[in-house]
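Welcome! Take a moment to look over the sequence and the 3D view, and then we can walk through a pair of helices and a strand together.

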Amino acid sequence: TLLTAETGHGKTTLCIDLLRRVVEAGRGALMVPLETGGKSASRKMLSAVAGRIWDKIPTADLPDCVGRLCEMPAYILDRYGDVTVGLLRDEIAYAVRRYGVEFVIVDHLHFALGVRKAGEDERLLIDAVAHAVQTTALEHGIHIILVMHPAKIRPGEDGKQRTPGIGDLKGSSGPAQFADNVAVLDRGRNGRATLELKKVRSELGKLGIVDLIFDPETLRFSEL
């Protein structure tokens, strides 16, 4: 699944909430927080499990919250910044083999391009990463959410800001072709949000919009 949203709309927070739901169901999940690093992802995961922002957890409750998190099959790859797609595939394969991971979040695609050489075509690199993620998911029978930023969104004909579309992905629209699903998150200032499925490959799924509400105190999304 390819997930995109404008900066600040909650892509990473939604991913952490989805990961919490997966591990609370007893299934192994791996977070690859290339944009924020392992420490930030760990704090957000602790907040999601505790149901409140990590620095507001009472000191007396902290050991219990940490203990609950440690007992869950949740894993965080402590990598920050650019990595090669080969390394990314190897780390995911190891997590599947060693820890039984079934669900992976890669946040986000552009950090998996590696250190680019002069003259390299960014679009081709982006497409190569998306294809590698797709083949990794198929090879191991797992689900991977790949976060991708959109390009700068131009206002619509009415002058109002619009939500990103498949053609608005930063650098290349190729990843949308490889993905089985494409989802766009849009969050307003009042806590209301929508998750729009722009593409669903399976004949069992369908396109549409899910209305959500975001609770900033618990960092959780709920369906309206």
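Helix α1 passes helix α2 in a right-handed crossing; keep in mind that this is a predicted model. Two packed helices are described by the angle between their axes and the distance between the axes. Here, the axes of α1 (residues 11-24) and α2 (residues 38-50) come within 9 Å and cross at roughly 55°. That angle makes α1 oblique to α2.

Which residues make the contact between the two helices? From α1 come T12, T13, I16, L19, R20 and V23, while α2 brings A41, K44, M45, A48 and V49. Sorted by class, the contact of α1 with α2 has seven nonpolar, two polar and two charged residues.

Now let us turn to strand β2, which spans residues 28-33. Is this strand largely enclosed or open? Six of its six residues are buried, so β2 is largely enclosed by the rest of the structure. In a regular strand the side chains alternate between the two faces of the sheet. Both faces of β2 are covered: one side has G28, L30 and V32, the other has A29, M31 and P33, and all of these are buried.

The partners of β2 are set out here.

| Partner of β2 | Bridges | Direction | A bridge pair |
|---|---|---|---|
| β4 (residues 101-107) | six bridges | parallel | A29 opposite F103 |
| β3 (residues 74-76) | three bridges | parallel | L30 with Y75 |

So much for the table; in the 3D view, you can find A29 of β2 opposite F103 in β4, and L30 with its bridge partner Y75 in β3.

Conventions. Residues numbered from 1 in each chain as written. Predicted model: local features only at pLDDT ≥ 70, side-chain atom pairs only at ≥ 80, totals over all residues. Heavy atoms only, no water. Axes fitted to C-alpha atoms, helices over the stretch in contact; angles between N-to-C directions. Helix = DSSP H or I, 4+ residues; strand = E, 2+ residues; numbered from the N terminus. Parallel < 35°, antiparallel > 145°, perpendicular 65-115°, else oblique. Left-handed = near helix turned anticlockwise from the far one by under 90°. Contact = heavy atoms within 4.5 Å. Nonpolar A, V, L, I, M, F, W, Y, C, P; charged D, E, K, R; others polar. Buried < 20%, exposed > 50% of the residue type's maximum accessible area, 1.4 Å probe, protein only. Pairing = 2+ DSSP bridges.
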